[in-house]
Amino acid sequence: MFSTGLMEETEVIRAQFGEGCRALASLGYAQALSVLRQELRLPEAISIAQQGHRNYAKRQLTWFRRDPAVHWLRGFGDDPEVLAISEDQVASHLVAASPDRATGLCQALL
């Protein structure tokens, strides 16, 4: 994030909307803003942002593991088998949600 323009993006947002802009309180932006305010040095900000994202990802996994409607797939999205399973899951969900519209939507996905 930092190496691909986060600092510059944060400067633009701050200039356009002010430091009270809600987006600047989110992960990454908050640390970049702290660097711009000279409250943190860049390496420290990067480290804090990295840890914050790891913590956030862990909370997301905890949340999703509790949801019985979440269907976990083993593998990656570019694996043809995983892709086929995910397409079947989406099609089944659409049929269950709205059988009338599902046929057209499923054909559009394929």
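## Arg37 and its salt bridges

In this predicted model, Arg37 is partly exposed, with a relative accessibility of 36%. This value falls between the limits of under 20% for buried residues and over 50% for exposed ones, which is why the intermediate term applies. Arg37 forms a salt bridge with Glu19, and the closest N and O atoms of this pair are 2.8 Å apart. Arg37 lies in the loop between α2 and α3, whereas Glu19 lies in the loop between α1 and α2, so the pair ties together parts that are 18 residues apart in sequence.

Arg37 also forms a salt bridge with Glu39, where the closest N and O atoms are 3.8 Å apart. Through shared partners, the salt bridges join Arg14, Glu19, Arg37 and Glu39 into one network. Within this network, the side chains of Glu19 and Arg14 meet at 3.1 Å, N to O. Glu19 is partly exposed, with 36% relative accessibility, and Arg14 is likewise partly exposed, at 25%. A search of the whole structure finds three salt bridges.

## How helices α1 and α2 cross

Helix α1 covers residues 6-17 and helix α2 covers residues 29-36. Their axes come within 9 Å and cross at roughly 80°. The two helices are therefore roughly perpendicular to each other, because an angle of 65 to 115 degrees is classed in this way.

Which residues meet where the two helices are in contact? From α1, the residues are Leu6, Met7, Glu9, Thr10, Glu11, Ile13 and Arg14. From α2, they are Tyr29, Ala32, Leu33, Val35 and Leu36. Arg14 thus appears in this contact and also in the salt-bridge network. A general rule helps in reading such lists: an α-helix has 3.6 residues a turn, so residues three or four places apart point the same way.

## The surroundings of helix α2

Is α2 enclosed or open to the outside? Six of its eight residues are buried, so α2 is largely enclosed by the rest of the structure. The buried residues are Tyr29, Gln31, Ala32, Leu33, Ser34 and Val35. They pack against both α1 and α3.

Just after α2, the backbone at Gln38 takes a positive phi of about 65°.

## Leu24 in the loop between α1 and α2

Leu24 is placed in the loop between α1 and α2. Leu24 counts as buried, since its relative accessibility is 3% and the limit for this class is under 20%.

What does Leu24 touch, leaving aside residues up to four places away in sequence? Its contacts are Thr10, Ile13, Arg14, Gly18, Glu19, Tyr29, Ala30 and Leu33. Of these, Thr10, Ile13 and Arg14 are also among the α1 residues that meet α2. Although Leu24 and Arg14 are 10 residues apart along the chain, their C-alpha atoms are separated by 7.8 Å.

## A nonpolar patch on the surface

Leu61, Trp63, Phe64 and Trp72 form a nonpolar patch on the surface. Together, these residues have about 460 Å² of accessible area.

One member of the patch, Trp63, is found in helix α3, which covers residues 42-66. Trp63 is exposed, with a relative accessible area of 58%; this term applies because the value is over 50%.

Technical notes: Residues numbered from 1 in each chain as written. Predicted model: local features only at pLDDT ≥ 70, side-chain atom pairs only at ≥ 80, totals over all residues. Heavy atoms only, no water. Patch = residues over 30% accessible without salt bridge, like charges linked within 9 Å, V, L, I, M, F, W, Y side chains within 5 Å. Areas by Shrake-Rupley, 256 points an atom, 1.4 Å probe, with all protein chains shown as cover. Salt bridge = Lys/Arg side-chain N within 4 Å of Asp/Glu carboxyl O. Helix = DSSP H or I, 4+ residues; strand = E, 2+ residues; numbered from the N terminus. Buried < 20%, exposed > 50% of the residue type's maximum accessible area, 1.4 Å probe, protein only. Axes fitted to C-alpha atoms, helices over the stretch in contact; angles between N-to-C directions. Parallel < 35°, antiparallel > 145°, perpendicular 65-115°, else oblique. Contact = heavy atoms within 4.5 Å.
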